[in-house]
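Colleague: Please take me through this model. I would like to begin with the surface and then turn to the charges.

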Amino acid sequence: MKNLRNKILSLALIGIMCASPVAFAANNITVKGSDTIVILGQRWAELYMKNNPDVSIQVTGGGSGTGIAALINGTTDIANASRPIKEKEIQQAKSAGYYPAEFKVGMDSIAVVVNKDNPVQSLTMKQLMGIYTGRINNWKDVGGNNAEIIRYSRESNSGTYAFFKELVLKNQDFAADCQTVPGTSASVNAISKDANGIAYGGVAYFLNQPNLKILPIKKDDKSQAVSPLNVEGKADYEAAWSGHYPIARYLYMYTGFKPKGKIKEYLSWILSPEGQKIVEEVGYIPLKVK
Amino acid sequence: MTDITQELTRKNHHPAEWLIEKALFISGIASIVFISLIFLFLFKEGMLTFKSVSPLDLIGKWVYDPYDEKNIFKVMWQSVSEVPKYSIVPLVCGSFLVAFPATVISSVFGIGCGIYLSEIASARVRETLKPTLELLAGIPSVVIGFLMLAVVATFVQDLFHTKFRLNAFVGALGVSLVTFPIIVTLVEEALRAIPKELRDASYALGATKWQTIWKTVVPAAVSGISAAVLLGFGRALGETMIVLMATGNAALVTLDMFSSVRTMTANIAAEMGEVVQGSEHYYVLFLVGAILFTMTFVLNICSEVVINKMRRKLRM
């Protein structure tokens, strides 16, 4: 029987070790969160690991809310988020013993897309709110065909969802018939097949999609419609930096504590010109150089 | 006494034997233990919902609408919001709108296929059909979901001119592919359990093959067939991946089969990743899980009762 007890003890020990890999491998950095940043995060990690073979970085997606929840639950070192952390989440983190530190690592414009055959040329922020809260239901009310609007949204764990809800919907509820698709690339697929659909998402995902049309957005009735793209069909940096394009946001990384060691080195590399160049390559907007 | 009988009558003569016996016993009752633990855990976590959410909130919530400037009773699921709304009505609607048509479709074909396999098919045909069915049962549901999403959805929209490209019917078609092999297998088993004497007696009275099947065998197995349908329905309620991919996941309160729906399973799968452990939203998701579990549990019990009834009838 003593033998059995020893076995159980050692099994329990293995269990504990598996549950807290962070504590046992200092050179292992786990990054989790926003699906918007996951491609960017992976490119960063690949290049960084190539230059620093002693560090291993794992990047997974799941959504900004998922990443921050993982930070609070202690299962990730860095949380990617495409929205700032909420006051409620800071409180939850504190009661779990964490003090989240925030890093702005890039910018992104949220593009609104429709099918290429949709005649609508631009939308105002108010029309966009009307569409997504369910008050505008037909394309003819915003200058399009007489056809019902099919709304595509994101799951509630998406940072894009939270950002859109706050900035465009002014925190009102989405219409109940908003379909949710898992990920922005699924929206691309949906809109290219749905002539009356509308969707939103990070602009990088919608570049060079022949079946989609990215709509310019007007702040209000009087202002000019601004496209998130420049004349070359790439993301327009100035429009996002200046706030000229109304639906642009920062991308964030959060750590549980003030970062030190390998994590600190990694984050400062991301903010360096080398790291910011990758932001550009992936299709997002680098931070404005001061 | 000889050595061997001595050996046999001595109890627990070796500790290893005792251990193996106990281990087998534990494996034997494992399913009971697992089910009770899951049950306990789901309900314990689910019940914590009511710390901060009233039972009425699960139906709907009075919310002030700044646009219409009055309070509105909102029956909606919007878990991430200033005022979270946790109505399970749209989710239950969604689950049934997928599971019910799926069961009807797979029952029509499944019962037919089961009868064919058990009563009509030659041994050679059966040997080809059975492995094919197993192959169908082995297709990962994510593959079926992808097929529905990418191909069948467009086809269904072109055919029925539906508003939503992804809708409950597309999901139901996919789920019926999963429940179909289950129903076929159970129906075939139920028919095979009918004693040969019954068929012989029917033939002896001059009945044709079709009359024997329709008037004797099928009525005798009707409770087994109903049990198969019930079990298929339970499986359809629990299917997740296909509905997550193919139904559009809009939480609408509707009875329209061609509307986009959000099922209980898809809702849990989509939202479980984000929630902070111990938050209100977390407990509500567990409650949804507990409700779903209760539904499938009741369905399984019902089918078990029905099957037992049939066994007793046949023994008489």
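Modeller: Accessible areas come from the Shrake-Rupley method with a 1.4 Å probe, and for residues only the protein chains shown count as cover. This is a predicted model, in which local features need pLDDT of at least 70 and side-chain atom pairs count only at pLDDT 80 or more, while totals for chains, interfaces and linings use all residues. Residues are numbered from 1 along each chain as its sequence is written, chains are lettered from A and ligands numbered from 1 in the order in which they are written, and side-chain values use heavy atoms, with hydrogens and water left out.

Colleague: How much surface does chain A expose?

Modeller: About 13500 Å², of which carbon and sulfur atoms supply 55%. For chain B the accessible surface is about 16800 Å², with 69% belonging to carbon and sulfur atoms.

Colleague: And what share of each chain is buried?

Modeller: In chain A, buried residues make up 52% of the 290 residues; in chain B, 44% of the 316 residues count as buried. Buried means under 20% relative accessible area, exposed means over 50%, and partly exposed lies in between (1.4 Å probe, protein chains only).

Colleague: Changing topic, how many helices and strands are there in chain B?

Modeller: Chain B has 12 helices and four strands. Helices (H or I, at least four residues) and strands (E, at least two) are DSSP runs, numbered from the N terminus. The radius of gyration of chain B is 25 Å, well over the 20 Å that the globule rule gives for 316 residues, so chain B is more spread out than a compact globule. That radius is taken over C-alpha atoms, and the rule is 2.2 Å times the number of residues to the power 0.38. Along the principal axes, the C-alpha atoms of chain B fill a box of roughly 90 × 60 × 35 Å.

Colleague: What about chain A: how many helices and strands?

Modeller: Chain A contains 11 helices and 11 strands, and its C-alpha trace spans about 80 × 45 × 35 Å along its principal axes.

Colleague: Now the charges. How many salt bridges are there over all chains?

Modeller: The count comes to 20. A salt bridge is a side-chain nitrogen of Lys or Arg within 4 Å of a carboxyl oxygen of Asp or Glu. One of them joins A:R43 and A:E281, at 3.1 Å from N to O. A:R43 lies in helix α3 (residues 35-51) of chain A and A:E281 in helix α11 (residues 273-282) of chain A, so the pair ties together parts that are 238 residues apart in sequence.

Colleague: Is A:R43 buried or partly exposed?

Modeller: A:R43 is partly exposed, with a relative accessible area of 34%. A:E281 is also partly exposed, at 47%.

Colleague: Which residue pairs with A:K116?

Modeller: A:D117 does, with 3.9 Å between N and O. A:K116 is partly exposed at 43%, whereas A:D117 counts as exposed at 54% relative accessibility.

Colleague: In chain B, which residue forms a salt bridge with B:E271?

Modeller: B:R262, the closest N and O atoms being 3.0 Å apart. Both B:E271 and B:R262 are buried.

Colleague: Which residues are linked in a network of salt bridges?

Modeller: A network links A:E148, A:R151 and A:D177 of chain A with B:K163 of chain B.
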